[in-house]
Amino acid sequence: MGLDRRVIKSEEAIKEAFLLTLAEKQDINKVTISRVSQNANVNRATFYRHFKSISALRELVFSEYIGHIRMDKIPAVPAMDDEAGRRKFATEIEKIVTYVASHKRAYSYLVRSNDGRSLIYDYAHDCIDVRMQIDNLPGDDKRYISEMTYRIHGIIGIWQDWASGMLDITEQDLFRKLCQMPEIAFK
């Protein structure tokens, strides 16, 4: 049997209130259970029925949103030289842009917070490690590491700027800008 709709509604309200509170405070250390509960229009007991702490809530929210930005799906650097690699790259970028666009408000709150920026930075490095494992490359291939770091940080940086409102372009322009990443040669 599935979860009660009220339980789901309360949990979603708490997660949305967390993002709102994070946007207000800009610092995870200033986000309190009281403020999140107030913004969610629930009492503290309801908060604790769903989450053990602000930290547990943060981890869930972050993993839900950032987990959809599957940088490990971005094709490896050598594949960028061929048309099939470019099509695969564009397909994966389109998935990222579509998801970020449909959740732009949440991303805006995440990328504006100090904690969100550092979590995204850590995520980028995890993606690089995963990509290297997928490609079965040794950890000392400096050119590959440099290119993949450049590409992943570039993609994440562009969508961060777009989600936060610092880059005022359309969703289609964001897609085009991100698809240009393979054309930028690393020297």
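**Notes on an all-helix chain**

1. Starting from the N terminus, the elements of the chain read α-α-α-α-α-α-α-α-α. That comes to 9 helices and 0 strands. Keep in mind while you look around that this is a predicted model.

2. Some overall figures to begin with. The chain has 187 residues, and 42% of them count as buried. About 10,400 Å² of the chain is exposed, with carbon and sulfur atoms supplying 51% of that area. As for contacts with a separation of 6 or more, 66% of them are between residues 24 or more positions apart.

3. Now go to helix 9, which covers residues 171–179. Which of its residues are buried? They are Leu174, Leu178 and Cys179. Looking down the axis of helix 9, you find these buried residues within an arc of 130°, so they line one face of the helix. The general background is handy here: an α-helix has 3.6 residues a turn, so residues three or four places apart point the same way. And what do the buried residues of helix 9 pack against? Their partners are helix 5 (83–102) and helix 8 (142–164).

4. Next, have a look at Asn41, in the loop between helix 2 (33–40) and helix 3 (44–50). Asn41 isn't a glycine, yet its phi is positive, at about 60°. For context, most residues other than glycine have a negative phi. Is Asn41 buried or exposed? With a relative accessible area of 73%, Asn41 is exposed, since the cut-off for that class is over 50%.

5. A little further along you reach Arg44, which lies in helix 3. Arg44 has 39% relative accessibility and counts as partly exposed. If you set aside its neighbours within four places in sequence, Arg44 is in contact with Ile33, Ser34 and Ser37. Take Ser34 as one of these: Arg44 and Ser34 are 10 residues apart in sequence, with 6.6 Å between them in space, C-alpha to C-alpha.

6. On to the aromatics. How many aromatic pairs does a search of the whole structure find? It finds 5. One pair to look at is Phe47 with Tyr48: the ring centres are 5.6 Å apart and the planes are at 85°, so this pair is edge-to-face. The angle settles the label because planes over 60 degrees apart count as edge-to-face. Phe47 is buried, at a relative accessible area of 0%, whereas Tyr48 counts as partly exposed at 41% relative accessibility.

7. Tyr99 and Tyr107 make an aromatic pair that is edge-to-face too, at 6.1 Å centre to centre and with 80° between the planes. Are these two tyrosines buried or exposed? Tyr99 counts as buried at 17% relative accessibility, which fits the cut-off of under 20%. Tyr107 is buried as well, and its relative accessible area is 0%.

8. It's worth following those two rings outwards. Which residues do ring pairs link into a cluster with Tyr99 and Tyr107? Tyr65 and Trp159 join them, giving a cluster of Tyr65, Tyr99, Tyr107 and Trp159.

9. One last spot to check is Trp162. Lys104 lies over the face of Trp162, at 4.0 Å from the ring centre.

Technical notes
Residues are numbered from 1 along each chain as its sequence is written. This is a predicted model: local features need pLDDT of at least 70, side-chain atom pairs count only at pLDDT 80 or more; totals for chains, interfaces and linings use all residues. Side-chain values use heavy atoms; hydrogens and water are left out. Buried means under 20% relative accessible area, exposed over 50%, partly exposed in between (1.4 Å probe, protein chains only). Helices (H or I, at least four residues) and strands (E, at least two) are DSSP runs, numbered from the N terminus. The arc is that of the directions from the helix axis to the C-beta atoms. Contact means heavy atoms within 4.5 Å. Rings of Phe, Tyr and Trp (its six-membered ring) pair if their centres lie within 6.5 Å; planes under 30 degrees apart count as stacked, over 60 as edge-to-face and the rest as tilted. A charge sits over a ring if NZ of Lys or CZ of Arg is within 6 Å of the ring centre and within 35 degrees of the ring normal. Accessible areas come from the Shrake-Rupley method with a 1.4 Å probe; for residues, only the protein chains shown count as cover.
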